[in-house]
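Biologist: I would like to learn how to read a structure feature by feature, so could you take me through this one slowly?

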Amino acid sequence: MAIEFETMFNIPTLALELNLMHPQIERNYKWILKFLITYGFYTLIFLNIIYYNIYPNLKNGEFIKACQTALLAVVYLVTLFRYCVIFWKGETILKLINLMKEDFQTGDTSIEEEIIVENFAKKGRSISRHFLVYTAYTVLVFPVKHFCLEIYYFVIGDFQILPPYDITYPSFIEDVKFEFIPYVLLYLVFLYYLIYSGVVFVAFEALGLICIVHACGQLELAKRDISSLFIDSDEEAIARRMKIFTLRMQRVYMFVDKVNGTFRLAYELNLKAIVIVLPLTSYAVLESFRNGAINVEFLSILFGGIVSSGVPCYFSDLLKQKSEEVRQAIYACGWESQHSLSQRSALLIALTRTLRPVAINTIFSTLCLETLADVLKQAYTIFNLMNATM
């Protein structure tokens with residue numbers, strides 16, 4: 001049974017359509033107008049955060065408050081970068097989607113192969129669902145915290161109207177921000193900022209991981225192909241199976257190259273950013289605890305940083321493992337009992353090629369759990385230094 005890409009991965013597909021960056025959306029005047037309205041409004045909020053909050057807080061030496069408002073600025077910058085990647089690599093992303101659609105057309109494959117393809121597709125769908133749940137949690141944690149604080153002050157007999165997030169606005173807004181209509185509008189603006197960022201996060205992160213998991217599934221099929229290469233002694237059948245294996249591996253190499261070309265810079269920046277964001281956020285959380293407060297904003301960004309860098313490392317490491325399994329399957333396929341020079345030569349070429357594992361590479365390193373461990377060690381070192389000196 002063929003798998004429909006839009007149905008299986010409806011979450012990232014819908015997210016791409018909502019942020020107007022799906023590769024199949026026509027870029028016409030109507031699209032430009034919608035984009036300028038939605039993203040222009042989003043940018044105005046960011047500019048307000050920079051001009052009226054971060055700079056004054058740093059100038060006054062309010063480090064913790066500057067970190068709080070800087071979180072929203074970081075969210076905007078990350079969103080902007082993801083937009084640039086999606087827009088710049090839109091054609092490549094569309095090719096990746098079409099390649100996956102072709103692989104999902106399993107009409108001429110065996111039932112076992114259909115099951116493998118479907119299982120890995122379900123893993124990709126599960127990833128997108130988990131990212132949606134995390135994004136929903138991150139968005140909801142702000143209004144829930146605000147609502148709980150309102151109840152707390154009401155219970156202790158000191159009810160007061162609290163802003164949705166403690167940031168400063170232009171003077172003409174500051175004067176009326178606690179009036180009913182401006183208050184509701186500011187609350188909606190704040191939620192718009194969070195939801196907009198979350199939609200881009202789900203679209204970008206889930207799409208990259210879906211591609212990686214799909215490549216893992218194709219390598220699993222390649223391992224199955226090579227393991228059954230010499231199930232009989234028919235020369236033509238062996239040559240046909242060898243051709244299928246070779247074409248599948250070439251397709252995997254091409255697919256992973258496109259994934260690397262699209263997401264390499266993003267994953268590199270994720271690893272570099274986590275070295276700075278984790279210690280800063282951890283220090284801010286520690287300082288909040290010392291002051292008797294709990295900043296769930298810091299905790300959410302801390303968890304989000306680990307997720308956005310750790311999950312790609314995990315699945316890229318899984319991709320390397322599948323590549324190694326294919327290499328071992330080539331060596332264990334029973335070539336020693338075959339005397340055909342052409343078959344042995346083809347297997348030797350395939351074995352030589354698989355010495356370099358299939359993996360997602362950043363600019364300076366290979367994305368894997370070992371790389372993640374090194375990054376976390378660096379972040380922990382910076383955190384200890386900050387904790388000892390500040």
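Modeller: Let us start with how elements are named: helices (H or I, at least four residues) and strands (E, at least two) are DSSP runs, numbered from the N terminus. With that in hand, leucine 20 can be placed in the loop between α2 and α3. Before going on, keep in mind that this is a predicted model, in which local features need pLDDT of at least 70 and side-chain atom pairs count only at pLDDT 80 or more, while totals for chains, interfaces and linings use all residues. Residues are numbered from 1 along each chain as its sequence is written, and side-chain values use heavy atoms, with hydrogens and water left out.

Biologist: How many helices and how many strands are there in the chain?

Modeller: The chain has 12 helices and zero strands, and its C-alpha atoms fill a box of roughly 85 × 55 × 35 Å along the principal axes.

Biologist: What share of the residues counts as buried?

Modeller: A residue is called buried under 20% relative accessible area, exposed over 50%, and partly exposed in between, using a 1.4 Å probe and protein chains only. Of the 390 residues of the chain, 47% count as buried. The area itself comes from the Shrake-Rupley method with a 1.4 Å probe, and for residues only the protein chains shown count as cover. The chain exposes about 20300 Å², of which carbon and sulfur atoms supply 66%.

Biologist: Let us return to the loop after α2; is leucine 20 buried or exposed?

Modeller: Leucine 20 is buried, with a relative accessible area of 13%, and although it is not a glycine, it has a positive phi of about 65°. Asparagine 19 is found in the loop between α2 (10-18) and α3 (29-59), and it counts as buried because its relative accessibility is 3%. Within α2 itself, the buried residues include Ile11, Pro12 and Leu16.

Biologist: Which residues does asparagine 19 touch, not counting those up to four places away in sequence?

Modeller: A contact means heavy atoms within 4.5 Å. By that rule, asparagine 19 touches Tyr83, Val199, Val200 and Ala203, once residues up to four places away in sequence are set aside. For the chain, residues 24 or more positions apart account for 79% of the contacts with a separation of 6 or more.

Biologist: How should I read a residue inside a helix, and where is asparagine 270 found?

Modeller: One can ask for its element, its burial and its partners in turn. Asparagine 270 is found in helix α9 (residues 235-290), is buried with a relative accessible area of 16%, and is in contact with Glu205, Ser308 and Ser309, leaving aside its neighbours within four places in sequence. Alanine 273 also lies in helix α9, but at 35% relative accessibility it counts as partly exposed.

Biologist: What separates the C-alpha atoms of alanine 273 and alanine 379?

Modeller: Those C-alpha atoms are separated by 9.8 Å, although the residues are 106 apart along the chain. A second pair can be read in the same manner: lysine 377 and valine 275 are 102 residues apart in sequence and 8.7 Å apart in space, C-alpha to C-alpha. Lysine 377 is found in helix α12 (residues 369-389), where, at 56% relative accessibility, it counts as exposed.

Biologist: Why is cysteine 84 not bonded to cysteine 211?

Modeller: A disulfide is a pair of cysteine sulfur atoms within 2.5 Å, and by this rule the count comes to zero. The sulfur of cysteine 84 is 19 Å from the closest cysteine sulfur, in cysteine 211, and therefore too far for a bond. Cysteine 313 is in no disulfide either, as the nearest cysteine sulfur, that of cysteine 368, is 6.9 Å away. Cysteine 84 is partly exposed at 43% relative accessibility, whereas cysteine 313 is buried at 0%.

Biologist: Which residues does UniProt list for "transmembrane region"?

Modeller: UniProt positions are given in the numbering used here, feature names are shortened, and annotations may be inferred rather than shown by experiment. The unreviewed UniProt entry lists residues 31-51, 63-85, 131-155 and 180-204 under that name. In the model, residues 31-51 are 100% helix and 0% strand, with end C-alpha atoms 29 Å apart. Residues 180-204 are also 100% helix and 0% strand, with end C-alpha atoms 37 Å apart.
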